[in-house]
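Trainee: I'd like to learn how to read domains and cores. Can we work through an example together?
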Amino acid sequence: MAPGRTAFRARYLFPLASAPIANGVVTIDAGRIFAVGRKPDGCKAIDLGDVALLPGLINPHTHLEFSDCEAPLGAPGMPFPRWVPEVIQWRAGQAAGKPAVPRGLDESAQAGVTTVGEIATPGWSPAAFGKRPPRATVFLEAIGLARDQVDQKLAEAQEHLQRAATQWYWRPGLSPHAPYTVRPELFERLVDLASGAGVPVAFHLAESPEEIELLATGGGRFRDVLSELGVWDPAAIPRGTRPLDYLRRLADRRVRALVIHGNYLDDEEIGVLAKHADRLTVVYCPRTHAYFQHRRHPLPRLLAAGARVAVGTDSRASNPDLNLWEELRFILGAFPELSPEAVLRMGTIDAARSLGEGDAIGSLEVGKRADLTIVPLEDGELRDPYEGLFHAPRALPHLFAGA
Ligand SMILES: [Zn+2]
């Protein structure tokens, strides 16, 4: 028997790279997947019983600084721009050094998540991302509508990329926050920086109708809120701007980008996302979308067009918890026309690809990191392996997280 080699047998394996395997066995060695099939390879299999064994879940969009929120901020259905000051006020009331980020990482791990895409603000602490799962891509957030903020924000981004060179439990990314908080010039320069460094970008886009109106006209409720906050610059965004303009820039710059939310994308914009699906991914945040009572998400149109979609929780400022599995179940309830397999892909392999880690995680394949998550299955016959998969309200804490 090879030392350090371990095998797990489950009622069903969901490798994602191939069809589900009944009575499947995954053999791992030195933190990597060594074999996937029906027999243990070089050791005795530990029988996990009546469970499904999946690749570790991947949540590509969180803001873990809000993990201490007991309930979402504001009120369900409130206009999105009015929620923004609630967030600012909540932040101002938080004592420095509160362990919200470790708490959010723990909550994620408890829900079977082995990788996150985290939006961090300047001054964030890498110490929270210790040598334990989940691993993170840490996107440094930049906010700045004013011209005189551009140089400072670029310097912060450069420092973030340099700091990351010595860290391996987190990887760097950059996050120009959103069209209504970032000057187009700053957006472009951050995208160029990310493209040159080969790191991904996360950008909130087409989240609310008020954002679309602000870009088009320079007016509306968002202008009112930004003016009240003292940050609105009427010259920052040219009139007649659309989310399409930002998508084209992301496509032109050949950067890997996560387009967060995409609630109000139109067909032309969906076409650009589909054409560039190798590098652009929409990250749909289902229960956050529902909290603000947005119109129906264009998820089926995105998938039908061939765009890549992953699923995120967003934060506890707009979601009751960080349970990614519950987001996937929510999608199946809201879009019964979608197959369970398509939904599972959004929480695993497509999320891995969104972060540029499709070769390392997101499916059970030989050589990939052994990030494994278990979901309990109900007793009784299943006509189809997927039939019982989404009955359980949560995945169990990750069984193993690879080297
Ligand atoms: Zn967000």
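Trainee: How many residues of domain 1 are in contact with domain 2?

Mentor: Some ground rules before that: this is a predicted model, where local features need pLDDT of at least 70, side-chain atom pairs count only at pLDDT 80 or more, and totals for chains, interfaces and linings use all residues. Residues are numbered from 1 along each chain as its sequence is written. Two residues are in contact if their C-beta atoms, placed from the backbone, lie within 7 Å. Here, 18 residues of domain 1 are in contact with 23 residues of domain 2. On the domain 1 side, twelve are nonpolar, four polar and two charged.

Trainee: Which residues make up each domain?

Mentor: Domain bounds come from an automatic or database domain assignment. Domain 1 is 1-55 + 362-403, and domain 2 is 57-354. Their centres, taken over C-alpha atoms, are 31 Å apart.

Trainee: And how many residues are in the largest nonpolar core?

Mentor: In soluble globular proteins, nonpolar side chains tend to be buried together. A nonpolar core is a set of buried Ala, Val, Leu, Ile, Met, Phe, Trp, Tyr and Cys residues joined through C-beta atoms within 7 Å; buried means 20 or more other C-beta atoms within 10 Å of a residue's own, exposed 12 or fewer, partly exposed in between. The largest one here has 110 residues, with Leu 13 and Leu 273 among those with the most contacts inside it. Domain 1 and domain 2 each supply at least three residues to this core.

Trainee: What does Leu 273 touch?

Mentor: Beyond neighbours within four places in sequence, Leu 273 contacts Leu 247, Val 259, Leu 280, Val 282, Leu 302 and Ala 307.

Note on methods
Ala, Val, Leu, Ile, Met, Phe, Trp, Tyr, Cys and Pro count as nonpolar, Asp, Glu, Lys and Arg as charged, and the others, Gly among them, as polar.
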